[in-house]
Amino acid sequence: MKWSVGTGIGVLLIFAVFAALLYQSFSNILLRQEKQYVTDAVGVVSERLSHDSGELTDSNVKPLLSSNFDSVEDRQGASSSLYSDSLFVTLSRKNIGVSVYNLDGKGLFASRRVPIKFDRVGPAERIKKVNGTNVYVRRSAIYTKKNHELRGYVQVTNRLVEYDAARNKLLLIFLVFGLTAVLLCSLLGYILSLWLLRPIDDINETIDKINEAEDGDPVANIRVPKLRYNDELSNLGNLFNDMLDQMQRYIEQQQQFVEDVSHELRTPVAIIQGHLELLNRWGKDNPEVLAESISASLQEINRMKSLVQEMLDLSRAEQVEIHFGKEITDAREVVLQVFNNFKMIKPDFVFVLDDDLNERTAVQMYRNHLEQVLIILLDNAVKYSTERQEIHLSVAKNARYVDIAVQDFGEGISQQNIKRVFNRFYRVDKARSRDKGGNGLGLSIAQRLIEGYHGKLTVESVLGQGSVFRISLPIVQKDSKASDIKSENNGIAK
Ligand code: ADP
């Protein structure tokens, strides 16, 4: 509606300006033409009456003018010379009236009866309304040709009937055309906007359906219908559907997460409950059972604590870009530090470092987060190593990325499981992983952290032979930024 009203007003304005200009210039041309007739008449009469001398009187005016004018109608078919007489042509014009006055303003001759009083002093030309018709009046003094003496006056009037009629006709044409154009444009605008805005209607309908859905109604399948037109608004419908799909995925993930968390917490809670019931029934009097139950419960509580901590880490890992988007870290320094720490903590393992960087290399990542990811990967490498207790850590770079790899020669991951190891709470062997203190969240945290800093975490593995986890992080190119590297943890044991 707004669109069509807007179009209508726009067209009306443009048309009005255009019509006004056209009307004005057309009127001017017509008026000029009408004025020209009057000027010609004034000229011809003044010329005819300028030959003699002395003031104009009845007797010297009438013969000069009437000889040409008397009963014009009677002489219509007369000789052609009559038609070439400019005075006759002028005086015979239907709307032209010529009057001659003496010096006192007394009328001596009038070609037609003109209801306009002669005025010797007013403006020489003017337009006056007489009986609803515009009349152009022009007055001129008549002088003798010989010594330029004032003889009298001539007043010529022109009833602008044709001029007025032409102007009215033009106005009517413009009005009709203008209104038709405005109506047509508004209608066209209305139809066009209805047609073009259909995708918006579809989106509105979809939103209404989703809003009106009662609690528990399935909204997962409510989508904007697919549109065949390939324009921006149709794309908007598709984008809206994509957004709904994504929101649906988030909701499902959230539900899955809550389910997973309650499932994960159920086991330790059940174990603690079992022990407490045991103690409650009869175990509290048996110091052996008491000690065992307390120790088992404490173990489960620790597990719950670590689970809660990891869940917190996971949720924070999703917002790294907001909170730590500008942190810069020397990747090599962190790798060396974690490598040395593990060497110290796990003396029964052989750690091999392959350092191709040999210089500070800045990556845009919060130092503690890089450390956390490396610890998760090295921890897993230790946890899932079998006979060959050897872990290789390598760090290298190309033009844009720093690549860090953690390789072990342990149990490896089968091809069907490899896709799922980054999923939350996923463990290849749930019972064994639980024995080793794993919650199945380590790799999810690591992946989210790395991806939060626009990097990639990938894995290659052969079952029974070992796995390689590769991190690739974008290098910060500006040297100035590299010098800002924050060195929070100085306990580097080189
Ligand atoms: P967890 O705390 O159980 O180790 P992760 O998310 O770190 O959880 O790992 C998920 C699963 O991926 C592990 O349970 C394990 O089965 C498998 N996995 C991770 N790292 C390795 C590795 N280096 N070698 C073999 N399997 C691994």
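Buried residues account for 39% of the 494 residues in the protein, a share that refers, like every value in this report, to a predicted model. The surface that the protein exposes comes to about 29400 Å², and carbon and sulfur atoms supply 55% of it.

**Overall form**

The radius of gyration of the protein is 52 Å, whereas a compact globule of 494 residues would have one near 23 Å. The C-alpha trace spans about 160 × 60 × 40 Å along the principal axes of the protein. The chain holds 15 helices and 12 strands, and of the contacts between residues at least 6 apart in sequence, 66% join residues that are at least 24 apart. As for charge, the protein carries 61 positive and 63 negative charges, and the mean positions of these two sets are 11 Å apart.

**Aromatic rings**

A pair of aromatic rings is described by the distance of the centres and the angle of the planes. How many aromatic pairs does the protein have? The count comes to 8 aromatic pairs. One of them joins Phe422 and Phe469, whose rings stand edge-to-face at 6.4 Å centre to centre, with 80° between the planes. This pair links distant parts of the chain, since Phe422 lies in the loop between α12 (415–418) and α13 (430–435) while Phe469 belongs to strand β12 (residues 466–474), 47 residues apart. Phe422 has a relative accessible area of 12% and is therefore buried, and Phe469, at 7% relative accessibility, counts as buried.

Elsewhere, Phe339, Phe342, Phe349 and Phe351 form one aromatic cluster. Phe339 is part of helix α10 (residues 331–345), and its relative accessibility of 6% is why Phe339 counts as buried. Leaving out residues up to four places away in sequence, Phe339 touches Phe351, Val352, Leu353 and Leu393; Phe351 is thus both a cluster member and a contact of Phe339. Asn238 is 101 residues from Phe339 along the chain, and the C-alpha atoms of the two are separated by 49 Å.

**Strands β4 and β5**

Ala141 sits in strand β4 and Gln155 in strand β5. Is Gln155 buried or exposed? With a relative accessibility of 2%, Gln155 counts as buried, because buried means under 20% relative accessible area. When neighbours within four places in sequence are set aside, the residues in contact with Gln155 include Gly97, Val98, Ser99 and Tyr101, and also among them are Ile116, Lys117, Phe118 and Asp119, as well as Val137, Arg138 and Arg139.

Ala141, by comparison, counts as partly exposed at 24% relative accessibility. Apart from residues up to four places away in sequence, Ala141 touches Leu150, Gly152 and Tyr153. Ala141 and Val421 are 280 residues apart in sequence, and from C-alpha to C-alpha they are 114 Å apart in space.

**Two histidines and a glycine in loops**

Two residues other than glycine have a positive phi: His148, at about 55°, and His454, near 65°. His148 is found in the loop between β4 (133–143) and β5 (150–159), and His454 has its place in the loop between α14 (442–452) and β11 (456–462). His148 counts as exposed at 58% relative accessibility, and His454 counts as exposed at 52%.

Gly440, in the loop between α13 and α14, counts as buried, with a relative accessibility of 14%. Not counting residues up to four places away in sequence, Gly440 touches Asn423, Arg424, Phe425, Tyr426 and Arg427. Gly440 and Lys305 are separated by 135 residues in sequence, yet their C-alpha atoms are 14 Å apart in space.

The table below sets out the three pairs of residues whose separations were given above.

| Residues | Separation in sequence | C-alpha to C-alpha distance |
|---|---|---|
| Gly440 and Lys305 | 135 residues | 14 Å |
| Phe339 and Asn238 | 101 residues | 49 Å |
| Ala141 and Val421 | 280 residues | 114 Å |

Notes. Residues numbered from 1 in each chain as written. Predicted model: local features only at pLDDT ≥ 70, side-chain atom pairs only at ≥ 80, totals over all residues. Heavy atoms only, no water. Helix = DSSP H or I, 4+ residues; strand = E, 2+ residues; numbered from the N terminus. Rg over C-alpha atoms; globule rule 2.2 N^0.38 Å. Buried < 20%, exposed > 50% of the residue type's maximum accessible area, 1.4 Å probe, protein only. Contact = heavy atoms within 4.5 Å. Areas by Shrake-Rupley, 256 points an atom, 1.4 Å probe, with all protein chains shown as cover. Lys, Arg positive; Asp, Glu negative; His and termini not counted. Charge placed at Lys NZ, Arg CZ, Asp CG, Glu CD. Phe/Tyr/Trp six-rings, centres within 6.5 Å; stacked < 30°, edge-to-face > 60°.
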